[in-house]
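Please open the model in your viewer and keep a selection panel at hand. The stops below run from a covalent link through charged pairs to the nonpolar interior.

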Amino acid sequence: QVQLVESGGGLVQAGGSLRLSCAASGRTFSSYAMGWFRQAPGKERDFVAGISRSGTRTYYADSVKGRFTISRDNAKNTVSLQLNSLQPEDTAVYYCATTNSVALKVPLGTWGQGTQVTVSS
């Protein structure tokens with residue numbers, strides 16, 4: 001079991017960038033595929049990006065493909081999400097989570113507390 005803590009959110013203007021990080025505790029981080037999800041006010045939590053245990057495979061929601069990049073550092077027990085060309089519709093609380101190793105968009109139930117991203121127009 002891992003515990004997850006996100007950081008890096010904030011307020012940014014449209015077109016700007018942010019980098020989110022998720023720090024994991026425990027020695028088994030590299031045995032988990034990981035993903036980022038987001039939840040806007042009044043909406044369901046949606047998949048954003050996923051990465052395999054080794055980091056060699058990634059998968060993105062169509063809405064963020066080409067703008068966001070997920071990466072991980074197993075030596076540092078971290079998974080990151082680079083957000084570029086941000087738009088107001090990207091405003092949400094962003095969560096990292098452990099995910100299914102085959103279906104990277106399917107969460108396994110371990111979540112961080114979330115970090116707020118707000119994009120102004």
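Is the disulfide of C22 and C96 right-handed or left-handed, judging by the torsion about its S-S bond? Before answering, bear in mind that this is a predicted model, and select the two cysteines with their side chains shown. The torsion about the S-S bond is about 50 degrees, so the disulfide is right-handed. The S to S distance between C22 and C96 is 1.9 Å, and the count of disulfides comes to one. If you colour by strand, you will find C22 in β3 and C96 in β9, so that the bond ties together parts that are 74 residues apart in sequence. Both cysteines are buried.

Next, select D90 together with R38 and R67. D90 forms a salt bridge with R38, where the closest N and O atoms are 2.9 Å apart; because D90 lies in the loop between β8 and β9 while R38 belongs to strand β4, this pair ties together parts that are 52 residues apart in sequence. The side chain of D90 also meets that of R67 in a salt bridge, at 2.8 Å from N to O, and this second pair links the loop between β8 and β9 to the loop between β6 (58-60) and β7, 23 residues apart. Through the shared partner, R38, R67 and D90 are joined into one network.

How buried are the members of this network? D90 has a relative accessible area of 1% and is buried, R67 is buried with a relative accessible area of 18%, and R38 is buried as well.

For a contrast in setting, move the selection to D62 and K65. These two form a salt bridge with their closest N and O atoms 3.2 Å apart, and D62, at 67% relative accessibility, counts as exposed. The count of salt bridges comes to three.

Finally, select W36, L81 and Y94, which touch the most other members of the largest nonpolar core, a set of 31 residues. The elements that give two or more residues to this core are β3 (18-24), β4 (33-39), β5 (45-51), β7 (68-73), β8 (78-83), β9 (92-99) and β11 (115-120). In soluble globular proteins, nonpolar side chains tend to be buried together.

To see the surroundings of one such residue, centre the view on L81 and leave aside its neighbours within four places in sequence: its contacts then include W36 and Y94, along with L18, R19, L20, V48, A49, F68, T69 and I70.

Terms used:
Residues numbered from 1 in each chain as written. Predicted model: local features only at pLDDT ≥ 70, side-chain atom pairs only at ≥ 80, totals over all residues. Heavy atoms only, no water. Core = buried A, V, L, I, M, F, W, Y, C linked by side-chain atoms within 4.5 Å. Buried < 20%, exposed > 50% of the residue type's maximum accessible area, 1.4 Å probe, protein only. Helix = DSSP H or I, 4+ residues; strand = E, 2+ residues; numbered from the N terminus. Contact = heavy atoms within 4.5 Å. Salt bridge = Lys/Arg side-chain N within 4 Å of Asp/Glu carboxyl O. Disulfide = S-S within 2.5 Å.
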